[in-house]
Amino acid sequence: MSRSTKPHEIVERALELSTADGCVVIADEESSANLRWAGNALTTNGVTRGRTLTVIATVDGKEGTASGVVSRSAVTADDLEPLVRAAEAAARGAGPAEDAQPLITGTPASPDFTDAPAETTSAVFADFAPALGEAFARARAGGRELYGFAHHELVSTYVGTSTGLRLRHDQPNGTLELNAKSPDRRRSAWAGRGTRDFKDVDPTVLDAELAVRLGWAERKIDLPAGRYETLLPPTAVADLLIYQMWSASARDAVEGRTVFSKPGGGTRLGERLTELPLTLRSDPHAPGLESAPFVIAHSSGDDVSAFDNGLPVPVTEWIREGELARLSTTRHTAGLTGLPVSPGFGNLILDGGGEKSLDEMVADTERGLLLTCLWYIREVDPATLLLTGLTRDGVYLVENGQVVGEVNNFRFNESPVDLLSRAAEAGRTERTLPREWSDWFTRAAMPPVRIPDFNMSSVSKGV
């Protein structure tokens, strides 16, 4: 199809071509803009466009309903019918789908379904770019070098089904990552932000924050492995809890395979996970963190079902006032487990009512560690959700409310569920960028959290 063909027209034509018992068509119109810099100077910038079409065909049989999925980019008018036929052939050649459910019906059509897709351009950086130039100048004058990138994408998704759904969602997503280094490269500090439009991020503010951290790093202190009182910044809390949510499948818990399984059978729903009044929730309409208010599933997986496309996504409290309240389900796994339907999450918000900033929590620390971020997080034991990973770009020693120097990096071994049970304090919730998972998940708001005995299992020589 030419780019002049509107996505909703492609969806309608694919549905017209379908001869399957059921059909879901998803058109994704994608655009992105980016800036990259190194050594206090821009290196590259660019804008991209793309279109992807996914056809999900369902075929009813004596033993059940089968599904077939075909997804292709740059689909032309000549490609459309072969794509639909390929999805139907895949369905007819497949066995019954375990997650088969009737396709969703009855949802009102999106009022902008027939409108042209939204697009991002380099204009998204109109205010940001001059501020970035100012940050370069300040960094140069202060004897530090800035590296990093700003990326903005906008995806307009159109979902149409043979049962009459006509839904659309526009998802803007922006990330800013800024790394400051000393000229000899021996000191490094990182800061990141998530944004919808780059109007609420100021690189000069981040540069000032990084300048302070590079100053802290002028004094080096070697510490051994061990358990330390540790202040986890919001980005680290987000990375840990995102992994926890990825492991919060109701079906896996019922089958005894996860940290949320109850010994002897059942789940830990209703169990208190932390003494702090923490609530972990997802809200597709949360200001600044808006996400799709309905399920968009290009295929089926462990915790998502292509048959659920268009299913409304409500506000969901996963942990309520410290108690485990929900585990994720599709319609299929909700039926298997007897638990409520709880579609996956497009954002994640942790709130405990705390008012302190991270700086204020540092001021209240007699002796402990302050982290910048975590990376290379990997699962060690699904039964306890034990994770391992590394600290990066700055671990600082706090004594009597003051940062006194930078210590070596560590490898850690911790379970986020266990960390919640030991958390002593949570500060003020703020929007944050999960550094480890920013390629997949960016919409998070978390507080800083104090852990009295974070397990730094070994010393790491990495940066």
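**Exercise 1. Find which residues of the largest nonpolar core touch the most other members, and which helix supplies its largest share.**

*Solution.* Begin with the criterion: a nonpolar core is a set of buried Ala, Val, Leu, Ile, Met, Phe, Trp, Tyr and Cys residues joined through side-chain atoms within 4.5 Å, where buried means under 20% relative accessible area, exposed over 50% and partly exposed in between, with a 1.4 Å probe and protein chains only. The model is predicted, so that local features need pLDDT of at least 70 and side-chain atom pairs count only at pLDDT 80 or more, while totals for chains, interfaces and linings use all residues. Residues are numbered from 1 along each chain as its sequence is written, and side-chain values use heavy atoms, with hydrogens and water left out.

Next, apply the criterion: the largest core has 52 residues, and L232, F260, L280, L348, L369 and M446 touch the most other members. Helix α5 (residues 234–246) gives the largest share, eight residues; helices (H or I, at least four residues) and strands (E, at least two) are DSSP runs numbered from the N terminus.

Finally, take L348 as a probe of the surroundings: beyond its neighbours within four places in sequence, its contacts (heavy atoms within 4.5 Å) include L241, I242 and M245, together with L280, W318 and M446. A second, separate core holds 30 residues, among them A33, V124, L176 and L210.

**Exercise 2. Classify the aromatic pairs W246–W437 and F412–F454 by geometry, and state whether each ring residue is buried or partly exposed.**

*Solution.* Rings of Phe, Tyr and Trp (its six-membered ring) pair if their centres lie within 6.5 Å, and planes under 30 degrees apart count as stacked, over 60 as edge-to-face and the rest as tilted. The whole structure yields 15 such pairs.

For W246 and W437, the centres are 5.1 Å apart and the planes stand at 65 degrees, which makes the pair edge-to-face. W246 belongs to helix α5 and W437 to the loop between β18 and β19 (444–446), with 191 residues separating them. W246 is partly exposed at a relative accessible area of 36%, whereas W437, at 7%, is buried.

For F412 and F454, a centre distance of 5.7 Å and an angle of 50 degrees give a tilted pair. Because F412 sits in strand β16 (residues 409–414) and F454 in strand β20 (residues 449–460), the pair ties together parts 42 residues apart in sequence. F412 is buried, at 0% relative accessible area, and F454 is likewise buried at 0%.
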